[in-house]
Amino acid sequence: MRTDRHHAALGLARLLQLASPTLPVGAYSYSQGLESACDDGSIHDARSAQAWISAALHFGVARMEAPIWVRLHAAWSAQDALQLAHWNAWFLATRETAELRAETTQMGWSLTNLLAALDAPQTMPIAALQQLDTPSFPAAYTFAVVQWAIPAEDALLAYLWAWLENQVMAALKAVPLGQTDGQKILLTLGAALPQVVTQAFAMPDDGLANFLPGFAIRCSQHETQYSRLFRS
C-alpha cells in the first residue's frame, strides 16, 4: 500500500513538472491569435477575453486537440509507430497558419530535447520520439506521460489546464487585465475541463472537428501585425 502511494505521489510530481509554466518549451511566448484579437478590439475586457478563450476551448481544443492527444497517448502505450505517425501528421495538418504550426513543432522539438537531457527512468528509448517526422507538442507530451506512468485522464486535464493558463496569462498582458480578472476566468473555464477530458476519451474518429474561422483569420493577421508581444 505504501508503495502504491509512493508511485501515485511520484506520478503527481512528474505531472506537475510537465504542466508547470517553468517547463522550458516556450509556451509563454505564444498567444494563438489572442493578441491579434486584442489589436483589432475583438477582445477589450475580461468578458470578451473569457468569451474568446471559451470558444477556442470548446470549438477547437475540445473537439480536435484533446481527442488527438488521447489517440497519441494510446499509440505510445501500444508502441504503434504507424498510428503515432498518422495522428502526429493529422494534428500538424489542423494547424491552419504558419505561426500555429511553428508553435507546436518548436514546442515539440524543445520538449523532445528536454526529455533526452533528463536523467529519468525510461520505458521507451527517446529515439522512438526522435524518429517521428516533426514531432508535435502533443506527441512529445504524451510520450512523457507514458514514460512516467502518469494516468492518462489526469495528464490530459493538466495539459488542458496549462493551455488555459497560458491563454489567460496572454490576456493579462495583451488586454490588459488584472490578476483577479484572470483568476475568475481560470475558475470559470477550469470547471469545464473535466467534461472536456471525458468527451475526448469518448469521441469517435468521425467526431473530430476544428471549425473556428474567426480564430484562423486572427492567427493569419497576427503574422503581419505591426507591433506584438507574442510569436503567434
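The following paragraphs lead through some helix contacts, aromatic pairs and loop residues of this structure.

The model is predicted, so local features need pLDDT of at least 70 and side-chain atom pairs count only at pLDDT 80 or more, while totals for chains, interfaces and linings use all residues. Residues are numbered from 1 along each chain as its sequence is written, and side-chain values use heavy atoms, with hydrogens and water left out.

A good place to begin is helix 3 (residues 46-78), whose axis comes within 8 Å of that of helix 10 (residues 193-202) and crosses it at roughly 50°. Helices here are DSSP runs of H or I with at least four residues, numbered from the N terminus, and axes are lines fitted to C-alpha atoms over the stretch in contact, with angles running from 0 to 180 degrees between N-to-C directions. That angle makes helix 3 oblique to helix 10, the term for what remains when angles under 35 degrees count as roughly parallel, over 145 as roughly antiparallel and 65 to 115 as roughly perpendicular. The crossing of helix 3 and helix 10 is right-handed, meaning that the near helix is turned clockwise from the far one by less than a right angle. On the side of helix 3 the contact (heavy atoms within 4.5 Å) is made by Leu57, Ala62, Ala66, Pro67, Val70 and Arg71, and on the side of helix 10 by Leu193, Val196, Ala200 and Phe201.

Helix 3 also meets helix 7 (residues 137-147), and the axes of helix 3 and helix 7 come within 9 Å and cross at roughly 50°. The crossing of helix 3 and helix 7 is right-handed. Here Glu65, Trp69, Leu72, His73, Trp76 and Ser77 in helix 3 meet Pro138, Ala139, Tyr141, Thr142, Phe143, Val145 and Val146 in helix 7.

One residue of helix 7 can be followed more closely, namely Thr142. Thr142 is buried, with a relative accessible area of 0%, where buried means under 20%, exposed over 50% and partly exposed in between, for a 1.4 Å probe and protein chains only. Apart from its neighbours within four places in sequence, Thr142 is in contact with Trp69, Leu72, His73 and Trp76.

Aromatic rings add to this picture, with a count of 8 aromatic pairs. Rings of Phe, Tyr and Trp (its six-membered ring) pair if their centres lie within 6.5 Å, and planes under 30 degrees apart count as stacked, over 60 as edge-to-face and the rest as tilted. Trp69 and Tyr141 form a tilted pair, 6.5 Å centre to centre with 55° between the planes. Because Trp69 lies in helix 3 and Tyr141 in helix 7, this pair ties together parts that are 72 residues apart in sequence. Both Trp69 and Tyr141 are buried. The ring centres of Phe137 and Tyr141 are 5.7 Å apart and their planes stand at 65°, so this pair is edge-to-face. Together, Trp69, Phe137, Tyr141 and Tyr159 form one aromatic cluster.

The loops hold some backbone features to look for. Most residues other than glycine have a negative phi, and most peptide bonds are trans. The peptide bond from Val175 to Pro176, however, is cis, with omega near -10°, and Pro176 lies in the loop between helix 8 (152-174) and helix 9 (179-190). Gln32 has a positive phi near 55° and lies in the loop between helix 1 (2-19) and helix 2 (34-39).

Methods:
Helices (H or I, at least four residues) and strands (E, at least two) are DSSP runs, numbered from the N terminus.
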